[in-house]
Amino acid sequence: MAAAQGPGRSPADASVRPGAVPAVPPVCSHNEWDPLEEVVVGRLEGAAFPSRHPVVACNIPPWAAHLQGLAAGRRYPRILVESAQHELDRFIALLGSLGITVTRPDPVDHTRRFATPDWSSRGFCTSCPRDSMLVVGDEIIETPMAWPCRYFETHAYRTLLKDYFRRGARWTAAPRPQLTEALYEPEYRAARTGPPERYILTEFEPVFDAADFVRAGRDLFVTRSNVTNLMGIEWLRRHLGPGYRIHEIESRCPTPMHIDTTFLPLAPGRVLVNPEYVDVDRLPAVLDSWEILVAPEPEPVDERLLGITSMCGKWLSMNVLAIGDGRVIAERKQTGMLRALEAWGFEPIPCDLQHYAPFGGSFHCATLDVRRRGTLESYLP
């Protein structure tokens with residue numbers, strides 16, 4: 001099955017009658033490891049440096065925040081885009097060669113300014129669909145993100161979302177946040193070592209990034225972070241109802257943002273953890289029967305340009321993508337991770353995506369698994 005690299009599907013798919021049950025559910029994904037059949041992959045065209053805001057700057061060192069602020073709202077340099085695009089094209093080709101259908105968001109010019117009654121901003125990019133949408137079973141949930149520059153990010157996916165809905169998927173949008181000053185702690189100072197002393201977000205309204213959640217059937221795991229507050233976690237808990245449980249993973253990252261470089265299930269009863277950010281002795285008791293796979297120390301990234309522009313830390317080596325049957329796509333240059341995966345009994349598939357880091361992530365961040373072959377199960381007591 002060849003990878004589709006256009007902005008979406010053919011309008012002919014919209015002919016499914018309302019209420020009809022599709023032969024193959026268009027959206028069906030319950031965990032992070034079942035065999036992957038269809039995936040959305042992000043896009044780099046039109047990417048701009050995120051607009052200046054405390055919630056953007058809080059997770060990076062002050063010097064990096066200063067440089068990013070100077071470039072805010074401007075397009076990424078062509079040299080960065082071209083290097084990342086080359087690797088992204090090869091990643092998409094790899095997915096297609098493995099029989100996985102690939103869909104893409106529509107191109108968007110993120111330098112365009114937009115506004116609400118309370119503030120204005122420019123955009124960011126659509127490189128990481130994992131952040132703005134959460135798939136739980138047959139439902140896609142648009143998330144209420146805390147970065148103002150990402151307020152309308154899911155509009156780039158509307159061609160896909162409407163198609164999935166017409167063919168039978170459930171489509172939900174969490175309450176759109178106001179993102180006024182009341183959401184952000186005015187006196188916030190990031191911790192530089194140890195667990196966060198506090199978070200930049202207040203509990204003014206529910207906000208969360210989907211990338212702060214990972215799924216294991218009827219159980220989801222979450223880290224509270226500088227883009228996900230307790231109200232956001234509670235909103236999702238109430239929305240999913242009693243058929244699901246949400247467990248919080250304590251993070252020792254001083255500036256937490258997104259769980260998939262901290263805690264990532266790779267198979268039933270097996271989870272990859274970051275030894276710097278996770279105290280394995282303080283994991284939820286429901287994980288007592290699970291095998292804890294401690295991630296190896298990442299290989300250093302010695303390219304100065306990547307170090308300056310990347311919003312991601314060294315543990316991006318953990319941002320792997322399980323595609324089923326024990327196969328895991330991982331960064332080719334992270335040889336320690338490749339060897340560890342093999343030692344744990346997985347089949348690592350090396351691929352290059354290191355230059356994607358300035359745009360927000362790697363294999364897990366760059367994708368949204370829309371359909372995996374499997375059923376809803378419980379993997380925890």
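This briefing covers helix 3, the residue T143 and the cysteines of the structure. The model is predicted. Helix 3 comprises residues 78-97, T143 lies in a loop, and a search of the whole structure finds zero disulfides.

**Helix 3**

- Helix 3 has 20 residues, and at 1.5 Å a residue these should span 28 Å.
- The end C-alpha atoms of helix 3 are 28 Å apart, which agrees with that expected span.
- The buried residues of helix 3 are L80, A84, Q85, E87, L88, F91, I92, L94, L95 and G96.
- An α-helix has 3.6 residues a turn, so residues three or four places apart point the same way.
- Just after helix 3, G99 adopts a positive phi of about 80 degrees.

**T143 and its surroundings**

- T143 belongs to the loop that connects strand 6 (139-142) with helix 5 (158-166).
- With a relative accessible area of 11%, T143 is buried, because this value is under 20%.
- Neighbours within four places in sequence aside, T143 is in contact with D131, S132, M133 and L134, and also with F208, D209 and A210.

**Cysteines**

- C125 is buried, at 1% relative accessibility.
- The cysteine sulfur closest to that of C125 belongs to C128 and is 6.2 Å away, too far for a bond, because a disulfide requires sulfur atoms within 2.5 Å.
- C149 is likewise buried, at 5% relative accessibility.
- For the sulfur of C149, the closest cysteine sulfur is in C125, at 8.6 Å, which is also too far for a bond.

How values were computed:
Residues are numbered from 1 along each chain as its sequence is written. This is a predicted model: local features need pLDDT of at least 70, side-chain atom pairs count only at pLDDT 80 or more; totals for chains, interfaces and linings use all residues. Side-chain values use heavy atoms; hydrogens and water are left out. Helices (H or I, at least four residues) and strands (E, at least two) are DSSP runs, numbered from the N terminus. Buried means under 20% relative accessible area, exposed over 50%, partly exposed in between (1.4 Å probe, protein chains only). Contact means heavy atoms within 4.5 Å. The expected span of a helix is 1.5 Å times one less than its number of residues.
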